[in-house]
Every structure is written in C-alpha cells, then in structure tokens.
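This report follows one helix outward to the chain contacts, the domains and the nonpolar core of the assembly shown below. The account moves from local detail to the wider arrangement.

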Amino acid sequence: MKTSVSTLALMAALALPGAAFAQDKNVKIGVLDDMSGLYADVGGQGSILAAQMAIEDSGMAAKGWKIDLISADHQNKPDVGVNLARQWADQEKVDGIFGVLTSSVALAVNGVAKEKNLVYMNSGAATSDLTNSACSPNTVHWTYDTYLLANGTGKAVVKSGGDSWFFLTADYAFGHALERDTTDVIKANNGKVLGSVRHPLNSADFSSFLLQAQASKAKIIGLANAGGDTTNAIKQASEFGITGSGQQLAALLLFYSDVHSLGLKMTQGLQFTETFYWDLNDGTRAFSKRFSDRMKNKNQPTMVQAGIYASIIHYMKALEANGSNPHDGVKMVEKMKSMPTDDALFGKGEIQPNGRKIHPGYLFEVKKPQESKYPGDYYKLIATIPANEAFTPLDKSACALVKK
Amino acid sequence: MTTTPIKPVSPAAPERSETPIIMGMIAVLAVLPLLGVYPYFVMQALCFALFACAFNLLIGYVGLLSFGHAMFLGTAGYASAHAAKVWGLAPELSILFGTLASGALGVLVGLIAIRRQGIYFSMTTLALAQMIYFFYLQAKFTHGEDGIQGVPRGLFLGVLDISKPLVLFYVVLAIFVAGFLLIYRTINSPFGEILKAIRENEPRAISLGYRTARYKLAAFALSAALAGLAGATKVIVSQNASLTDVRWEMSGEVVLMTLVGGLGTIFGPVVGAFIIIAMQQYLAEFGQWVLVIQGVIFVACVLAFRRGIVGEAAKVLRRNL
Amino acid sequence: MFNISTQALFAQLLVGLINGSFYALLSLGLAVIFGMLNIINFAHGALYMMGAFCAYFLLNVLGINYWMALILAPLLIGFLGVVLERTMLQRLAGLDHLYGLLLTFGLALIIQGLFQNYFGSSGLPYAIPQQLTGGQNLGFMFLPNYRAWVVIFSLTICLATWFAIEKTKLGAYLRAATENPTLVRAFGVNVPRMITLTYGFGVGLAALAGVLSAPINQVRPLMGADLIIVVFAVVVIGGMGSIMGSIVTGFALGILEGLTKYFYPEASNTVVFVIMAIVLMVKPNGLFGRA
C-alpha cells in the first residue's frame, strides 16, 4: 500500500513539478530534551507543551500547513542525543530540532544538524561555544548563554564586594564554559579566583566539595552547575552551616523551577540572571497563565521552555514568509536571520550572523519570604541588561560565519 | 558441595560442519540493508554481535564470566576516536590502534583477574572496569561527560569512502565476519580444546602439564582485543565515543545478549545481540520500560531458559550451533 | 593549633567516615547473604534504594515519621527479600553460583527500571527529622547532627550483627549451616528456612541503610546503582567470608577515600579499586578472608 501511494505521489510530482513542490507545506519538528533527569523540571514535559502551544498559536494549520511534532529523551547523554538526532533525520525526516538542554548534548547534536542540514534552534544549553568556536549555519542559539550569565551575575556579585571566588563546577562542557566565562569577568573586574573543584554531573552528595570550598576562605562560592546539582549544593551548604558563616553562594545559573523547589527561605537574596520570568510583563503573564493551566503540576514556565515557544514561533513565521518548506536547514536559518524577531515573551530582537539570538537579560534577586505576595511571586528585578550588551559582541565572536 | 558449572549444555552431537550455516548467516546479513532495514541499526547490531561473541569466548569456552567487558569496548572506542580525530589516522589504522589498546588492557586486567575463579573473577572484573570508568570520566583526552564527538570517517584503506552508508555497512560486515571467523577458528583449534579442558576440570588440565594460567590469560587478552575491535568499529559507525560504552550497565548488557542467544553456542551471541539491539531500537519510546523488559528477560533466562534461543534450537536439532 | 589545611583534612576524614558507614552496612548485608547462600546479591543496591523510597512513601503517603520508617522499611523490604528468595533464588540451588549473580542482576534492572519510569532519575527530597537538625561546631568543621547520628547508629547495628552471628547460639547454627548444611539439618534445624530468613535479614540491612541515607542523598532511583559497585570492591578487599572484615573494611575505606579527597581529589573515586587490585595481587582471599 505504502509503495503504491508514494508511487502515485511521485507520478503526480513528475506531472506537475512546479506546483507539487511549491505546495509542500508539511513540516516535522522534534523536541529533544531531558525528560527524566536532573534537568527535567527545567525542560522535560514543559518543553513539549511549549512546542505544542507554539504550533497552535502560529495558526499554521489554518493556512494549510501540516506541522508534526515528535519528542524524545536524550538522558543528558551526548551519544544518545546524537543517535536520536541522526535517526530523526534519516528515518523520521524531521526538518528541525528544538530544545536540547545540556551543553554536551547540544554540541554533539550541533554536528548532526550540520551534517544532515537540519534547522537547529537550541533553547536550554548554556555553552557560548555554540555561537563561537562551534558555530554552524544551521544553528540558532536562543535563550541565554554562559557569556550572559557571567556578565550578568558574575559582574554584579564582584561589584558588590564579592571579589574572591571558589568554583563548584559541573564536570562537563557547560560547567567548564561557565567557569571560564565567569573567571574572565571576575579578572576583568579586579577580582580573583582562589580555586575550583569539579563534581560529576548529577551528584547527590556535595559535602566534601563544599568543605573544600569552605577551606579556600573565598568570599564567594560560585556554583557553575544547574538544575538538580544546584539545588542539592544549596541545600547542603545550608546543612553544613556554610552560608551562615560568612561565605556566600552565587548560583550562576538558577531557574524558576529551582527556586520553586527549594523555597524562598533557602534561596532568598540569591542574585542570578535570566532572560524570561513569567511575571515580567503582561505578555509573559498571559502566556504563563495559559501554560501553567495546561501543565500537570501547574508550574510556571522556565526561560528554557519559553525559549522553545518563541523559537518555534519565529521558525513558523519564516516558513510562512518562504511560502513552502524547502527542507533545507541552512536556507531556513538564513531566512530567520534576515527577519527581525518579535514575540510576547522575549520582545523584539534579532538573530546575529553567528546564530546568536539577542534580547535583553535581567538580573534578578530572590525575594524574602515576607516579600512574596502571591504564589510564584519569587523575583525582584535588579537591573536590565540591554540586548546589545547581554551577549558576546560580534567583533569578539570566534565564529567563522561572522565577516570581519 | 558439587554444582553444575556455568557452561553450555550441548548434547553430544555428531560432528557436522557449521560452514553452510555460517555462509547463510553472512548472506542474510549482507542483504538486510537492501531489504530496507535501516543500515545504521544493522551496523550497531553487528558491532554488538562481535562484542558478544568476544565475551562468549570467555564464558562459553573457558567458563569465566567477565562482568567488566565494557572496559574493553570503551577503551578501544576512546583510543580509536582519539587516533582518528586528534592524530588524523586513517579509519583502518584507528580501529587497529583501538583493538591493540584493548588487547593490552586485557593483558593487564587478566593478570589480576585470573588469579580468582567463579564469582570472585566476576566481581574483580566488575570492580576493575569501574576503576577504568572513573579514570575515563576524569581523563582529559576522553572529554568526560562530553565524549569525543564528530569522529571523522574518511577513506577506509585509502579507497573506500565510508561516509556513504552502504560502503560503511559492507566494511563493518567484513570486520564482523573476520572477527567471527577468528573466534570460530580459535575454539576449534588445539588451543580451544585446551581451553575447554580447563573449563571442565582445571586441576586435571594442570596435572596434564598445561600451564592453565597462561592459556586463560591468552584467552582473556584475545577476548579483550576482539571486544576492542567491536568498540573501535562502533565508534567509526556512530562517530562518537562516550561514557555509555564503559559503564557497568554495558557490561551487563553483553552478558544478557549472550545469555539470551545461548552461552557457549557459536551463533547465540549474534542472535542475542540482534534481539536486544532491536528491542532497544524499536521500544525506545517506552523509555525505561526497556530496562524493565531486559531485567525480565534476564530473570526468565536464568530461571527457565538457561540454554538460550540457539542452545534450545541446538538441542532440538541435535547439533552444535 | 588548627590551621586551614589540617581543618580541611579532619573535615574530609569525617565525611569519609560518614560514607564508610554506608559501605559497612551494605557490605555487611552482602557478607551475611554470601556466607549463607553463596551468592552475590546484585540487587542489594536496588533494595537499598527501595528502603529509601519506602521511607519516602511512609512519610508522604501515610504520614509515618523517620523513626518508625527506620523500623518499618527494613521489615517491609526484608519481607520482599523473603518472597524473592522463596520464589526465585531457591530454584537455583545446585547450579553455579554465577546464576545467582545473573538473576539478582536482572532483578536490579527490573526494580531500577520501574522506579526510573515513575520518578525519573533526579531525586525526591526527604527532610532530616526534627530532632536531628542543626549541628555541632567542632572547631575544624561544622558537623550536622544528622551525619553524626548516621555514624553512631550504623556502627551500633554493625557490631550488634557481628555479636549475633559470632557470639550467640542462633549465630552458631547459622555458621554451622554455612559449613555443613546436611549435618545441621540432621540436628533438626530447618536449613531452607534459615537461608530464607538470612536473605531477608541481609536485605533488611540494605533497606535500613537506604532509610539512613534518604535525608542525605535525596531519594533517587539510581542511588543504589552508583554505590553498589564500590561496595562490591569493599567486600572483595575485606574477604568474602568475614563479618568483621566487611565492617572494618567498610569504615576504613570510607576514611581512606576522605584522605584521598584531601591529598589527591582526582583519585578519590578510583582509590578503592586500586586498593582492591593490590589486595588481589598480594592476598587473593582478601584481608580477612579464609582460603
């Protein structure tokens, strides 16, 4: 049956070549994320929901497009991610891959997307290498990166007197990049780094790492990790009386879901940088309301999930502007770079030649329990970092796509 | 207390040549991608089949259950990935380098592990493999969690363009067949007969004047090198080397493949590998249920089905398979 | 007299001692099971994890607190162990002991897979019981009360178990049944039941360790899988036959790991395995093992 149908389609295509290809309005996209591991609250089911909402909100179905969505769990393992991406390209014929938390997986999938000429819009991975040394004409890096975190949080902490640091670093691409970028910022602001210790991804017991950090007598213990690792480290730092003894934690990457699970009592006063907060403005509130109503656990969206939504919206706009699906990753990414971005969640912005999507960053502080007025009222806005300062300046980008 | 040793329960069968079956197996494998089976899947399965055959050489013919064979798969993977990517070696040289690295590791581990037998041997290999795992987790050249990505394929032997899926497939098939035949030759050689004698009764083999430790070490190193050949080939196929290949779960997986197919049978590990890899491939959407199903198969095999699929078939057909 | 580095050294030693408590409890359970059934219980880590989950459910579903969980979880998981032994392990009698290893490996996969399905791989929080929050400032470090409790409690359990097996009449039967089951059966002792109960007891010890670790490590489906291989190495080093050997080795290796974390942190994960390799070269039966 299948063969005869495709034969028919082929015959039709041969008979009417121009028309048949011009009307190709079938698109298949995949959300590849951590669905069960330590970043599942940051991405996970919420990532799939965000993608579904983007497809619905784009209104593409009413305009004759057929958008298919598939998803899979990469388990934070680069080899699993690569195999899934390759199989999606070979067998599922996907046009684009979205999401992909975890820098190690993100960098690995980056290679497959280029090899198979897919659209690859990353929202979740932190490493700034995606738009520098590892940049690719198929890749757009949406939500945030380590440059932003270092310049947002790192600079703010050093300027407020935290000038000696000790890092607790997740031992993989993300932690390394975050430690590197933050160290640059600390040194540029006359601070110093006294040492660092690397812990395995998904650690349960931080006691010996924290004791090393304590022994360094650094003023700031910088947490260059994320998700479950960050929440565990914060919890145990309070158990071992480290936060009570004069040293301060700096969570370089903190998500809404982390604050939500730790509670305000343990996180109050932490400063960190994000590019999206559900309670930022009317646009974010409206989206977040619709989102949390559809989430099983009624959680508000994280910036990663918001980034997946916004990136798919922009992809859909570009497809519509193109009139049909060319099934050509480079071409679609070029199209997206040529169009300004505008959505309710990140505001107006653009995609730079190196694939970096730029928008403002926000330095937040976690509220004290008594300052929180309603459920989810966690953040206080300290400063806004304008879009053109938030990310690596183009003339400093190590990306070969940037013409100098 | 006497116990039945862990070994194949092969019926006394008249000696019949397996050659036609081997030819048939190769023919079937060779046409699989032409029938529309995803070539990448078949290549993966072939690498694991070779891995399982190498493992089976130890358990099936020497009676040693290694619970750390992932260290050889992974070592060769990292070595060949590093050779191909950083040193820019040709794929065949990278694979050779990986195989030799695992063989060398096999000698070292073997020297320690074969001092003990039975359960102690299993636990020793398991613990040593875990040590290797932690080493790779921290070593610079493996890039820890990130793994080695984007391993180049290049030209095999300078002429074959293995970036083309079908060319790569036949190269992998050729490597598998070479490894398989080497194992087949080994177990039917005088060396193999001595190994079987050691498995049946080591003290007697010693009293006959054989230095059994040397034979066991040689078998261990050979098994390690062939597992390495599988791991190195797998890296060229998947173009990445990662910690997954050195985790203890991987050591368990190869035990499962061999157990399902039939311990100590010639074709069992191949059948087992294809079944388990197919399961992982086609049940992937069920997430961790795959793990549960694997566990159930494990338990079922141990409790009721110790001969494995090929072992049962061999019993019915009354011949060696 | 404490300068920064000796402070850090003592702190790491103490953290090592805490980890050693878990090694000791788990390897003790393995040793008890091995002594009687001659199998390596690969499911030990999974059952340890179930102990922690058991405590979690008792608290969050039934409102049963930590102290009751410390008694109930080992009993419940111990009973599960009895069922597993009766329905499965018993059928392997007379076969190579490696089949026991393979069977329990399969069981471990099933249990871990099921829990991962329902709970993902990241952890669920389990609060420290009220009575044990806070901590002591020891000068060189701030010792959380709960961790001190873990060390004292597990040491007590280990020594009590040693006493019961080596110094009581029941223990004497047990040891005799290990040496010569037929003879003990001739004395009218129900040896199969003794084997079953021993397995249940060993598993109960694992569950107890699980409850103890719940407030420290988060309740995670893979918490046991990460730990069990180290414990295997501990058992090999201590020598499979010896109860005291597994206790001493467990604590000693925990402390040794702490030392390594201070002097050469990169090797802290591998040091146990290096020691194991050395012990196997010098004394293949383990430090306390019988030939």
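Helix H9(C) is mostly covered, with 15 of its 16 residues buried. In this predicted model, the helix is not straight throughout, since a kink of about 25° is centred on Ile229(C). The length of H9(C) can nevertheless be checked against expectation: at 1.5 Å a residue, its 16 residues should span 22 Å, and because the C-alpha atoms at its ends are 23 Å apart, the two values agree. Just after H9(C), the backbone at Gly239(C) takes a positive phi of about 100°.

**Contacts of chain C**

The contact between chain C and chain B takes 36 residues from chain C and 37 residues from chain B. On the chain C side of this contact, H9 (223-238) is among the contributors, together with helix H4 (97-119) and helix H11 (271-282), each of which supplies at least two residues. The largest share, 16 residues, comes from H4(C).

Chain C also touches chain A, in a contact that takes 22 residues from chain C and 18 residues from chain A. Here H1, strand E2 (142-144) and helix H8 (191-217) of chain C each supply at least two residues to the chain C side, and H1(C) gives the most, with six residues.

The table sets out the residue classes on these two sides of chain C, and adds the side of domain 1 of chain A that touches domain 2 of chain A.

| Side | Nonpolar | Polar | Charged |
|---|---|---|---|
| Chain C, touching chain B | 24 residues | nine residues | three residues |
| Chain C, touching chain A | 10 residues | 10 residues | two residues |
| Domain 1 of chain A, touching domain 2 of chain A | eight residues | 12 residues | two residues |

**Domains of chain A**

Chain A is divided into domain 1, made of residues 27-144 and 280-359, and domain 2, made of residues 147-274 and 361-390. Taken over C-alpha atoms, the centres of these two domains of chain A are separated by 26 Å. The contact between them takes 22 residues from domain 1 and 26 residues from domain 2. Helix H5 (residues 103-115) of chain A gives the most to the domain 1 side of that contact, with three residues.

**The nonpolar core**

In soluble globular proteins, nonpolar side chains tend to be buried together. The largest nonpolar core in this model has 346 residues, and those with the most contacts inside it are Val109(A) and Leu50(B). Helix H1 (residues 4-37) of chain C provides the largest share of this core, 20 residues, while domain 1 and domain 2 of chain A each contribute at least three residues. When residues up to four places away in sequence are not counted, Leu50(B) touches Phe176(B), Gly179(B), Phe180(B), Leu226(B), Leu229(B) and Ala230(B).

**A buried loop residue in chain B**

Is His143(B) buried or exposed? This residue is found in the loop between helix H5 (118-138) and strand E1 (155-156) of chain B. His143(B) counts as buried, because it has 22 C-beta neighbours inside 10 Å, where the cut-off for a buried residue is 20 or more. The C-alpha atoms of His143(B) and Ala241(B) are separated by 9.6 Å, although these residues lie 98 residues apart along the chain.

Methods. Residues are numbered from 1 along each chain as its sequence is written. Chains are lettered from A and ligands numbered from 1 in the order in which they are written. This is a predicted model: local features need pLDDT of at least 70, side-chain atom pairs count only at pLDDT 80 or more; totals for chains, interfaces and linings use all residues. A nonpolar core is a set of buried Ala, Val, Leu, Ile, Met, Phe, Trp, Tyr and Cys residues joined through C-beta atoms within 7 Å. A residue is buried if 20 or more other C-beta atoms lie within 10 Å of its own, exposed if 12 or fewer, and partly exposed in between; C-beta atoms are placed from the backbone. Helices (H or I, at least four residues) and strands (E, at least two) are DSSP runs, numbered from the N terminus. Domain bounds come from an automatic or database domain assignment. Two residues are in contact if their C-beta atoms, placed from the backbone, lie within 7 Å. Ala, Val, Leu, Ile, Met, Phe, Trp, Tyr, Cys and Pro count as nonpolar, Asp, Glu, Lys and Arg as charged, and the others, Gly among them, as polar. The expected span of a helix is 1.5 Å times one less than its number of residues. The bend at a residue is the angle between axes fitted to the seven residues ending there and the seven starting there.
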